[in-house]
Amino acid sequence: MRGRSSTSKASSWLTPAKARICSKSGRSLHPYVRWEVAFRIEREQEIGPQLRALGIGPRDVKRVVLTHLHMDHDGGLAHFPDSEILVAPGELRTASGWLGRMRGYVSNRWPSWFDPRPLDLAAEPYGPFAASRRLTEAGDVVAVATPGHTADHLSVLVQDGGTTQFLAGDTSYDERLMLAGTVDGVSADDRVAGATLEAIRRLAQAGPTVYLPTHDPKAAARLAERRLVATSG
Ligand SMILES: [Zn+2]
């Protein structure tokens with residue numbers, strides 16, 4: 001994607017849905033549906049208009065990386081018809097077809113042209129993460145495996161000077177839960193999710209890290225201020 005001095009590197013790599021959680025209730029069914037998360041997004045809040053307001057048009061976005069395929073993370077795909085879309089193959093399998101819909105995914109709402117490029121992570125450790133894939137030749141943007149919330153969930157790490165901007169998707173709802181090692185309500189595997197949170201803490205202990213989970217109300221301010229994860233170690 002086109003570099004811009006006025007836009008941080010990490011905000012250039014945001015995921016395509018800009019969602020505001022309006023209500024939750026506790027009914028059963030699939031763990032994701034159970035939360036019955038309702039999204040109400042005004043047209044100008046969608047990622048297309050928001051990027052345009054920053055002077056970034058759809059053709060400026062060469063690649064879009066999806067951390068996973070829950071509807072609040074793939075709902076903005078229609079704004080990126082000309083971009084290369086990258087998805088972990090396992091995540092795509094889990095989300096596709098009627099089985100995917102039984103699991104709470106809404107593949108019927110994907111754009112008709114949606115045909116993502118598989119983002120296979122190699123068994124190449126990146127810091128505390130067991131699998132990774134460089135997304136740029138310079139290696140300053142890397143996808144890492146962060147399973148737990150979904151089995152094939154991934155995160156994107158952007159090196160910005162000496163700081164790692166950690167685009168975390170749904171590894172945790174917010175930074176506090178990550179630091180506490182608390183696995184929140186939506187998790188395919190709590191043990192695996194806990195290990196991922198531990199890996200994130202280890203990365204933050206090893207070097208300056210800005211942690212940016214999608215739904216953390218404080219994430220935007222942390223990114224703007226480059227506020228680092230404060231770890232005790
Ligand atoms: Zn999710």
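The legends below accompany several close-up views of one predicted protein model.

Residues are numbered from 1 along each chain as its sequence is written. Because the model is predicted, local features are described only at pLDDT of at least 70 and side-chain atom pairs count only at pLDDT 80 or more, whereas totals for chains, interfaces and linings use all residues.

**View 1. The protein chain as a whole, with its helices and strands.**
The protein chain holds 8 helices and 10 strands, these elements being DSSP runs numbered from the N terminus, with helices (H or I) of at least four residues and strands (E) of at least two. Of its 233 residues, 37% count as buried; a residue is called buried if 20 or more other C-beta atoms lie within 10 Å of its own, exposed if 12 or fewer do, and partly exposed in between, with C-beta atoms placed from the backbone. Among contacts in the protein chain with a separation of 6 or more, 56% come from residues 24 or more positions apart, a contact being a pair of residues whose C-beta atoms, placed from the backbone, lie within 7 Å.

**View 2. The open sheet of 5 strands and the helix that packs on it.**
The strands of this open sheet follow the order 6-7-8-9-10, with mixed pairing, where two strands pair if DSSP finds at least two bridges between them. Strand 6 (132–134) and strand 10 (209–213) stand at the edges with a single partner strand each, so one side of each is left without a neighbour in the sheet. From one strand to the next the twist averages 20°. Helix 7 (residues 190–206) packs on the sheet, where it touches strand 9 and strand 10, and its direction makes about 150° with that of strand 10; axes are lines fitted to C-alpha atoms, for helices over the stretch in contact, and angles run from 0 to 180 degrees between N-to-C directions.

**View 3. Strand 9 between its two partners, strand 8 and strand 10.**
Strand 8 (residues 154–160) and strand 9 (residues 163–169) run antiparallel and are joined by 5 bridges, whereas strand 9 and strand 10 pair in the parallel sense, over 5 bridges. Phenylalanine 166 of strand 9 stands opposite leucine 157 and also opposite tyrosine 211 in strand 10, while glutamine 165 in strand 9 is the bridge partner of valine 158. The hairpin of strand 8 and strand 9 has 2 residues between the strands, and glycine 161 takes a positive phi near 65° there. Of the 7 residues of strand 9, 6 are buried, so this strand is largely enclosed by the rest of the structure.

**View 4. The largest nonpolar core.**
This core has 42 residues, of which Ala143, Val144, Phe166, Ile200 and Tyr211 touch the most other members; a nonpolar core is a set of buried Ala, Val, Leu, Ile, Met, Phe, Trp, Tyr and Cys residues joined through C-beta atoms within 7 Å. The elements that each supply at least two residues include strand 3 (63–65), strand 4 (84–87), helix 4 (89–95) and strand 7 (141–145). Helix 7 gives the largest share, 6 residues. Leaving aside neighbours within four places in sequence, alanine 143 is in contact with residues including Val65, Leu119, Leu121, Leu135, Leu154 and Val156.

**View 5. Helix 7 and its buried residues.**
Helix 7 has 17 residues and reaches 24 Å from its first C-alpha to its last, close to the 24 Å expected at 1.5 Å a residue, the expected span being 1.5 Å times one less than the number of residues. Its buried residues include Ala193, Leu197, Ile200 and Leu203, and the buried residues of this helix pack against strand 9, helix 6 (175–180) and strand 10.

**View 6. The open sheet of 3 strands.**
The order in this sheet is 3-4-5, with parallel pairing. Strand 3 and strand 5 stand at the edges, each with a single partner strand, so one side of each is left without a neighbour in the sheet. Strand 4 and strand 5 are joined by 2 bridges, and leucine 86 has arginine 117 in strand 5 as its bridge partner.

**View 7. Valine 106 in its loop.**
Valine 106 lies in the loop between helix 5 (97–102) and strand 5 (117–118) and is partly exposed, with 15 other C-beta atoms within 10 Å. Leaving aside its neighbours within four places in sequence, valine 106 is in contact with Met71 and Arg101.

Technical notes. Contact = placed C-beta atoms within 7 Å.
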